[in-house]
Amino acid sequence: MREMEIHDYARQLLEAHGPKAIAEAAQNAIDLASKGELERARTWRHIEDAMKLMRGPHQS
């Protein structure tokens, strides 16, 4: 996936699923890595990172 596609997909996931989308992306990456699908796992980590940036810093 290109950078622009990753950020578009990340934005769509956040809009559709809210904060739990980040956990879902992380779980997808873990599942794929455990199956040896490292390139797809890297893509999901990239999507996860993009969502974290969009979300911004934690507020207390």
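This is a short tour of a predicted model, moving from the whole protein to single residues.

**The whole chain**

Start with everything shown as a cartoon. The protein has 3 helices and 0 strands, and along the sequence they follow the pattern α-α-α. The radius of gyration is 11 Å, close to the 10 Å that the globule rule gives for 60 residues, so the protein is as compact as a globular protein of that length. Turn the model to see its extent: the C-alpha trace spans about 35 × 25 × 20 Å along its principal axes.

Now switch on the surface. About 4400 Å² is exposed, and carbon and sulfur atoms supply 54% of that area. Buried residues make up 28% of the 60 residues.

Next, colour the charged side chains. There are 9 positive and 10 negative ones, and the centres of the two sets lie 3 Å apart.

How much of the contact between residues at least 6 apart in sequence joins residues at least 24 apart? The share is 59%. Some of the pairs visited below are separated widely along the chain, including Ile 47 and Glu 5, which are 42 residues apart in sequence.

**Helix H3**

Select residues 38-55. This is helix H3, with 18 residues. From its first C-alpha to its last it reaches 26 Å, close to the 26 Å expected at 1.5 Å a residue. Move on to the residue just after the helix, Gly 56, and look at its backbone: Gly 56 takes a positive phi of about 85 degrees.

Return to H3 and show its side chains. Which of them are buried? They are Ala 41, Trp 44, Ile 47, Glu 48, Ala 50 and Met 51. An α-helix has 3.6 residues a turn, so residues three or four places apart point the same way. With that in mind, look down the helix axis and find Ala 41, Trp 44, Ile 47 and Met 51, which are among the buried residues of H3.

Add helix H1 (3-17) and helix H2 (20-34) to the view. Both are included in what covers the buried residues of H3.

**Ala 41: towards H2**

Select Ala 41, which lies in helix H3. Its relative accessibility is 7%, and Ala 41 counts as buried because the cut-off is under 20%. Leaving aside neighbours within four places in sequence, Ala 41 is in contact with Ala 29, Leu 32 and Ala 33. Then pick Asn 28 and draw a distance to Ala 41: the two are 13 residues apart in sequence, and their C-alpha atoms are 7.1 Å apart in space.

**Ile 47: an inside position**

Stay in helix H3 and select Ile 47. Is this residue buried or exposed? Ile 47 is buried, with a relative accessible area of 1%. Draw a distance from Ile 47 to Glu 5, C-alpha to C-alpha, and it comes to 9.5 Å.

**His 46: one place back**

Select His 46, also in helix H3. His 46 has a relative accessible area of 29%, so it is partly exposed, lying between the 20% and 50% cut-offs. Not counting residues up to four places away in sequence, His 46 touches Glu 3 and Ile 6. For a distance in another direction, pick Pro 57: His 46 and Pro 57 are 11 residues apart in sequence and 18 Å apart in space, C-alpha to C-alpha.

**Ile 6: the last stop**

Follow the contact from His 46 to Ile 6. Ile 6 is found in helix H1. At 3% relative accessibility, Ile 6 counts as buried, whereas its contact partner His 46 is partly exposed. Finish by selecting Met 54 together with Ile 6: the two are 48 residues apart in sequence, and 12 Å separates their C-alpha atoms in space.

Key: Residues numbered from 1 in each chain as written. Predicted model: local features only at pLDDT ≥ 70, side-chain atom pairs only at ≥ 80, totals over all residues. Heavy atoms only, no water. Helix = DSSP H or I, 4+ residues; strand = E, 2+ residues; numbered from the N terminus. Expected span 1.5 Å × (residues − 1). Buried < 20%, exposed > 50% of the residue type's maximum accessible area, 1.4 Å probe, protein only. Contact = heavy atoms within 4.5 Å. Rg over C-alpha atoms; globule rule 2.2 N^0.38 Å. Areas by Shrake-Rupley, 256 points an atom, 1.4 Å probe, with all protein chains shown as cover. Lys, Arg positive; Asp, Glu negative; His and termini not counted. Charge placed at Lys NZ, Arg CZ, Asp CG, Glu CD.
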